[in-house]
Amino acid sequence: DARALIVIVNLERIRAQLLLTTQAVDAGDMEDAFAHSFISHTTIFPAVKPLLKDVGQSGRLEAALTDLPLAIKSGQLSPQEIMAEIESTEAIIDGILARPEFAADKGMASQAVVFLLRDAVQSYGLADRIDRENAAGLVQVAKHRYEQMAGLLDERRDKEINSFFADLET
């Protein structure tokens, strides 16, 4: 189902930005933390919002993605509080992805991985550091998604894909 695939890919894109936000907070770089959290709010979520209108958690997700960059920019949250907000947002994403209409079979999961890796290649080709960080985050999320289904593939294919990830991560 195309709707489910679009939702899965976009929620995983948001997850990649949350991962990068976490890494920036860990490094004490609130400017980058803001930049990555802002991408989720302004670019990714609006693209998927119409597809989530009937999903109960979409309002909570939108609110979380709106509040996070504002809280980071204003400095009103400590790093620990930011991490708690990110974990809460990821739980909302997990809740949405657990819904039956978004349950990914092996084929859909592999398509989502391909989309994320295409995004990574596109982002890496761009000039600035934030785009290269986006590429690295997308690879990490794609690899995690792949690892969830890796046992379903034959050994030769599994080795080939793991080799591809190893090349991308270096």
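Start in the middle: the largest nonpolar core holds 46 residues, and L11, I14, L52, L61 and I96 have the most contacts inside it. A nonpolar core here is a set of buried Ala, Val, Leu, Ile, Met, Phe, Trp, Tyr and Cys residues joined through side-chain atoms within 4.5 Å. Buried means under 20% relative accessible area, exposed means over 50%, and partly exposed is in between, with a 1.4 Å probe and protein chains only. Two or more core residues come from each of α1 (2-26), α2 (30-48), α3 (58-74), α4 (79-97), α5 (106-124) and α6 (129-147). The largest share, 11 residues, is from α1. As a rule, nonpolar side chains in soluble globular proteins tend to be buried together.

A word on the model before going on. It is predicted, so local features need pLDDT of at least 70 and side-chain atom pairs count only at pLDDT 80 or more, while totals for chains, interfaces and linings use all residues. Residues are numbered from 1 along each chain as its sequence is written, and side-chain values use heavy atoms, with hydrogens and water left out.

Now zoom out. The protein chain has seven helices and zero strands, so reading from the N terminus you get α-α-α-α-α-α-α. Those elements are DSSP runs (helices are H or I, at least four residues; strands are E, at least two), numbered from the N terminus. For 170 residues, a compact globule would have a radius of gyration near 15 Å, and the 16 Å of the protein chain agrees with that. The radius is taken over C-alpha atoms, and the globule rule is 2.2 Å times the number of residues to the power 0.38. Along the principal axes, the C-alpha atoms fill a box of roughly 50 × 40 × 25 Å.

How is the chain packed? Of its 170 residues, 41% are buried. Among contacts with a separation of 6 or more, 74% are between residues 24 or more positions apart, where contact means heavy atoms within 4.5 Å.

Back to α1 for a closer look. Setting aside residues up to four places away in sequence, I14, one of the core residues with the most contacts, touches S40, I44, F45, L65 and I93. R13 also lies in helix α1, but counts as partly exposed because its relative accessible area is 22%. With the same sequence neighbours left out, R13 touches I44, L116, D119 and L138. Its C-alpha atom is 8.0 Å from that of V141, although the two are 128 residues apart along the chain.

Helix α4 is where you find L97, which is buried because its relative accessible area is 14%. Leaving aside neighbours within four places in sequence, L97 is in contact with I8, L11, E12, R15, F102, A103 and R145. The C-alpha atoms of L97 and Q148, 51 residues apart along the chain, are separated by 13 Å.

Last stop: the loop between α2 and α3. Q57 is found there and counts as partly exposed because it has 28% relative accessibility. Not counting residues up to four places away in sequence, Q57 touches I92 and I96. K53 lies in the loop between α2 and α3 too, and counts as exposed because its relative accessibility is 67%. From K53 to D158, 105 residues apart in sequence, the C-alpha to C-alpha distance is 37 Å.
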